[in-house]
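Biologist: Could you take me through one part of this protein slowly, as if I were new to structures? Pick a helix and show me what sits around it.

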Amino acid sequence: MAKKSWIARNERKERTVAKFADLRHKLKAEKDYIGLTMLPRDASPTRLVNRCLFSGRRRAFIRRFRLSRISFRELASHGMIPGVTKSSW
């Protein structure tokens with residue numbers, strides 16, 4: 001489980017990105033790069049980190065399911081993810 005402070009920090013960044021999204025788009029369209037540098041650093045969407053919905057883990061993130069590999073395996077083994085089956089041959 002990731003530290004709660006890391007998860008909270010990422011949520012704060014998501015709110016900041018959403019808040020400044022329209023302004024960033026407008027400044028980019030006008031090619032006003034000075035104005036872009038005046039925005040907060042966390043307003044850039046590249047500062048966001050993909051995190052698992054259950055554990056908050058950022059490594060080994062499966063984007064399609066928004067889960068880490070560990071959470072994905074646990075949920076898939078219990079049949080909690082629709083359409084996912086364990087293969088055997």
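Modeller: Sure, and keep in mind that this is a predicted model. Let's start just past the end of helix α3, where Gly79 follows with a positive phi, near 75 degrees. Now step back into the helix itself, which covers residues 69–77. Its buried residues are Ser71, Phe72 and Ala76. They span an arc of only 125 degrees around the axis, so they sit on the same side of α3. Here's the general idea: an α-helix has 3.6 residues a turn, so residues three or four places apart point the same way. Flip to the face of α3 turned away from that buried side, and you meet Arg73 and Ser77, which are exposed.

So what lies over the buried residues of α3? The cover includes two strands, β1 (61–62) and β2 (67–68). Zoom in on Phe72: if you skip its neighbours within four places in sequence, Phe72 is in contact with Ile62, Phe65, Leu67, Ile81 and Val84. Phe72 and Ala76 also belong to the largest nonpolar core, and their partners there are Cys52, Leu67, Ile81 and Val84, making 6 residues in all. Apart from that core lies another one, with 5 residues, including Phe20, Leu27, Leu36 and Ala43.

One last stop, by way of Cys52. Besides being in the largest core, Cys52 is among the residues nearest the centre of the largest pocket, along with Asn10, Glu14, Arg51 and Arg66. That pocket has a volume of about 240 Å³. Its lining comes to 13 residues, split by class into 5 nonpolar, 4 polar and 4 charged.

Definitions and conventions. Residues numbered from 1 in each chain as written. Predicted model: local features only at pLDDT ≥ 70, side-chain atom pairs only at ≥ 80, totals over all residues. Heavy atoms only, no water. Core = buried A, V, L, I, M, F, W, Y, C linked by side-chain atoms within 4.5 Å. Buried < 20%, exposed > 50% of the residue type's maximum accessible area, 1.4 Å probe, protein only. Contact = heavy atoms within 4.5 Å. 1 Å grid on protein atoms, 1.4 Å probe; cavity = no way out; pocket = protein on both sides within 12 Å on 5 of 7 lines; lining within 4 Å. Points joined across faces, edges and corners; volume = space filled by probe spheres on them. Nonpolar A, V, L, I, M, F, W, Y, C, P; charged D, E, K, R; others polar. Helix = DSSP H or I, 4+ residues; strand = E, 2+ residues; numbered from the N terminus. Arc of directions from axis to C-beta.
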